Amino acid sequence: LVPEPLCSSLKFLSQPLMTDDLTATLFYLAAMSGLLKIGSNVQATINWVVAAAMWVIGVAKTGIGKTPILKELCVLPMTEIAKRDAEAFKSELAHYKATPRDQRPPNEPRQFFPHVQKFSPAAMDRQLQFNEEVKRGQLILSNEIEGLFAAIDADGRSGSGEASTQLLDMFNNIGSNTLRASTDNRTWLTSHIAVVGFTQPSKLRKRIGGEDDDGRWARFMNLQLPRGIMRCTRGKIDPEAEQVTKDHRKVLSDFAEAVFKLPPKVYKLAFEAQDRFCDWAENYRLKADLDATDPVLGAFFNKVGDHALRLIGMLHLAHEYDSDAAKAGKWKPSETISVAVIELAMEIMDLIVRETEAFHSDDSDLVDQLIAKVKASPAIDWTWTAIKGSCNQAIRKGGFELWKTAVYQMRESDIGKVTNSKPLTFCRHKDTDGHREMSA
């Protein structure tokens, strides 16, 4: 997938992680894409240009070891950049405070971060304005991306209501002019945002709910982590073994430094591959337009070309990487992306599409979704006819047999009781969690 020395170091460092070669490489490249400068774009045609910034969600059950993946492949490679950012801000702030008030510049020192985990819409608007001043990209990291979307929901209910629109616009690098009555206005014309996060299959299905009207989920590539267990790295614990690990980590951090120092540039697909790539992307759009295509998959199919271009940009940099030239400050990746890299990216995206289709066709947790729907609904009598109208398409397709299974499980779990057998009617207990209220 990527040449040496990145290949060997990724393989070595991911040995104890719940990843395979593909997922380890894509998590790493996605994180590195957030270090690129604003204006680092990939161009397929005269009017099809996207930022080389990847949006990736790793899908895995809880306990699979998501945090070690984020730490090893995303956070550690940026450690030195984060340290420099922190030290620069500390120094500039100290100088600013030591300067007499009448001699200070109008703005306090700006603080920058190679990656952020939590933010409010207003804070992100401000950070993107700061970033645009120095052409910096931004990586959003989330160990559990459900938290990010829960915050967006909360903002929609009782906040500014801007969080959802902000997220959608960040994918397309659309700017923002935000007028505020009580604080400074926030304005940024463009941005460069990458996202890497994780979630659980059941939470992702519940979030999607059979619909993707605003294309929110289509903006993410879903990477299915392989099944299995985390493996221990066995062997002697001595300075020599520790040095081997340090050497491999340095390979990843050296590439991060090189990517971070690259000036903005537009990388173009080799002209001889343009027709092949456009035909491939248009075939997915045609598939999305079919009446029989699931709406969620259709939204994703329409974005497959964009995802491929973002991936192509990062694969191009990995294949062009020259560590010696980078250390000497002379690394200049070619403007033209090779046919081989383009073909590789299309093969990877075809695989991701197949895995995404398989994920959405899996109905193993539809019973859990239906139970969650009942628990979130009023504590009244529910029949299948009454509740199915508020359920997503996948649950409705499960029909009455799915309802029977859910009712049986809810009764056995003491979530409520069957109040009528014909038609099969269920009423949950009145407490929020669906369990019996207990007296003092």
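# A tour from an exposed loop to the sheet

Begin by selecting D289, an exposed residue with a relative accessible area of 64%; here buried means under 20% relative accessible area, exposed means over 50%, and partly exposed lies in between, as computed with a 1.4 Å probe on protein chains only. What you have open is a predicted model, in which local features need pLDDT of at least 70 and side-chain atom pairs count only at pLDDT 80 or more, whereas totals for chains, interfaces and linings use all residues. Residues are numbered from 1 along each chain as its sequence is written, and side-chain values use heavy atoms, with hydrogens and water left out.

D289 sits in the loop between helix 10 (274-288) and helix 11, where helices (H or I, at least four residues) and strands (E, at least two) are DSSP runs numbered from the N terminus. If you add F255 to the selection, you will find it 34 residues from D289 in sequence and 40 Å away in space, C-alpha to C-alpha.

## The sheet

Next, select strands 1, 2, 10 and 11, which form an open sheet of four strands in the order 2-1-10-11, with mixed pairing; two strands pair if DSSP finds at least two bridges between them. Strand 2 (48-51) and strand 11 (336-337) stand at the edges with a single partner strand each, so one side of each has no neighbour in the sheet.

Now look at strand 10, residues 266-269, which pairs with strand 11 in the parallel sense over two bridges. Along this pairing K268 stands opposite T336, and L269 stands opposite I337. Turning to the other partner, strand 1 and strand 10 run parallel and are joined by three bridges, with N41 of strand 1 standing opposite V266.

In a regular strand the side chains alternate between the two faces of the sheet. Which residues of strand 10 lie on its covered face, and which on its uncovered one? Y267 and L269 make up the covered face, while V266 and K268 make up the uncovered one.

## Helix 11 and helix 2

Add helix 11, residues 295-320, which lies across strand 1 (41-45), strand 2, strand 10 and strand 11 and runs at about 65° to strand 2. Such angles run from 0 to 180 degrees between N-to-C directions, and the axes are lines fitted to C-alpha atoms, for helices over the stretch in contact.

Then select helix 2, residues 21-33, whose axis comes within 10 Å of that of helix 11 and crosses it at roughly 95°. That angle makes helix 2 roughly perpendicular to helix 11, a description used for 65 to 115 degrees, while angles under 35 count as roughly parallel, over 145 as roughly antiparallel and the rest as oblique. To show the contact, meaning heavy atoms within 4.5 Å, display L26, L29, M32 and S33 of helix 2 together with L311, M314, L315 and A318 of helix 11.

## A buried loop residue

Move on to L36, which lies in the loop between helix 2 and strand 1. Is L36 buried or exposed? L36 is buried, with a relative accessible area of 1%. Beyond its neighbours within four places in sequence, L36 is in contact with several residues, among them A52, H192, V259 and M314. The C-alpha atoms of L36 and I193 are separated by 9.2 Å, although these residues are 157 residues apart along the chain.

## Salt bridges

Finally, look for the salt bridges, of which the structure holds 15, each being a side-chain nitrogen of Lys or Arg within 4 Å of a carboxyl oxygen of Asp or Glu. One of them joins E80 to K83, with the closest N and O atoms 3.8 Å apart. These two residues are three apart in helix 4 (residues 79-98), and are therefore separated by about one helical turn. E80 is partly exposed, with a relative accessible area of 42%, and K83 is partly exposed as well, at 44%.

Next, select R110 and E133, a salt bridge whose closest N and O atoms are 2.9 Å apart. This pair links distant parts of the chain, 23 residues apart, with R110 in the loop between helix 4 and strand 4 (115-116) and E133 in helix 5 (residues 121-134). E133 is partly exposed, with a relative accessible area of 47%. As a last stop, display E146, D153 and R207 together, which are linked in a network of salt bridges.
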